[in-house]
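Colleague: Hi! Could you walk me through this one in plain words?

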Amino acid sequence: MAAGQEIRLVLSNVRNPSAAGIYRVEARVRGTEPNPLFRKVGNWLITIDDPERLTF
């Protein structure tokens, strides 16, 4: 993958964790070479709030 090339991530069959908190998600892709290696494409922190504790 060339630097700066746009990619699209499609997540399917994903469930939220049962506990609220901050979770780190790391994405890796596998190349198409004869001996493919995983390459890191991104790292995100995602916050899952507990809807029972939210007040407006």
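Modeller: Happy to! One term to start with: buried means under 20% relative accessible area, exposed means over 50%, and partly exposed is in between. Keep in mind that this is a predicted model.

Colleague: Great. Is Trp44 buried, exposed or partly exposed?

Modeller: Trp44 has a relative accessibility of 39%, so Trp44 counts as partly exposed. You can find Trp44 in strand 2, which covers residues 38–48.

Colleague: Which residues form a nonpolar patch on the surface?

Modeller: Trp44 is one of them, together with Ile7, Leu9, Val25 and Ile46. The accessible area of that patch comes to about 420 Å².

Colleague: Okay, now pockets. How much space lies in the largest pocket?

Modeller: The largest pocket holds about 300 Å³ of space. It is lined by 13 residues, and those closest to its centre are Leu11, Val14, Val25, Trp44 and Ile46.

Colleague: Which elements give two or more residues to that lining?

Modeller: Those are strand 1, residues 21–30, and strand 2. Strand 1 gives the most, with 4 residues.

Colleague: And how do the lining residues divide into nonpolar, polar and charged?

Modeller: In the lining of the largest pocket, 10 residues are nonpolar, 1 is polar and 2 are charged.

Colleague: Switching topic: how many salt bridges does the count come to?

Modeller: The count is 2 salt bridges. Arg24 forms one with Glu26, where the closest N and O atoms are 3.6 Å apart. Glu33 forms a salt bridge with Arg39, and there the closest N and O atoms are 3.3 Å apart.

Colleague: Let's take the pair with Arg24. Is Arg24 buried or exposed?

Modeller: Arg24 counts as exposed because its relative accessibility is 56%, over the 50% cut-off. Its partner Glu26 is at 38%, so Glu26 counts as partly exposed.

Colleague: And why does Glu33 count as partly exposed?

Modeller: Glu33 has a relative accessibility of 32%, so it falls in the range from 20% to 50%. Arg39 is partly exposed too, with a relative accessible area of 42%.

Colleague: Something else: what is the phi of Asn13?

Modeller: Asn13 has a positive phi of about 60°, although Asn13 is not a glycine. As a general point, most residues other than glycine have a negative phi.

Colleague: Nice catch! Where does Asn13 lie?

Modeller: Look in the segment before strand 1. Asn13 also counts as exposed, because its relative accessibility is 83%.

Colleague: Now the other end of strand 2. Where does Asp49 lie?

Modeller: Asp49 lies in the segment after strand 2. Its relative accessibility is 49%, so Asp49 counts as partly exposed.

Colleague: How far apart are Asp49 and Gly21 in space?

Modeller: Their C-alpha atoms are 6.6 Å apart, while in sequence Asp49 and Gly21 are 28 residues apart.

Colleague: One last residue, Gly42. Is Gly42 buried or exposed?

Modeller: Gly42 counts as buried, because its relative accessibility of 13% is under the 20% cut-off. Gly42 lies in strand 2, and its C-alpha atom is separated by 9.8 Å from that of Val29, 13 residues apart along the chain.

Colleague: Thanks! Which one should I remember from both the patch and the pocket?

Modeller: Try Trp44: it belongs to the nonpolar patch on the surface, and it is among the residues closest to the centre of the largest pocket.

Technical notes
Residues numbered from 1 in each chain as written. Predicted model: local features only at pLDDT ≥ 70, side-chain atom pairs only at ≥ 80, totals over all residues. Heavy atoms only, no water. Patch = residues over 30% accessible without salt bridge, like charges linked within 9 Å, V, L, I, M, F, W, Y side chains within 5 Å. Areas by Shrake-Rupley, 256 points an atom, 1.4 Å probe, with all protein chains shown as cover. Salt bridge = Lys/Arg side-chain N within 4 Å of Asp/Glu carboxyl O. Buried < 20%, exposed > 50% of the residue type's maximum accessible area, 1.4 Å probe, protein only. 1 Å grid on protein atoms, 1.4 Å probe; cavity = no way out; pocket = protein on both sides within 12 Å on 5 of 7 lines; lining within 4 Å. Points joined across faces, edges and corners; volume = space filled by probe spheres on them. Nonpolar A, V, L, I, M, F, W, Y, C, P; charged D, E, K, R; others polar.
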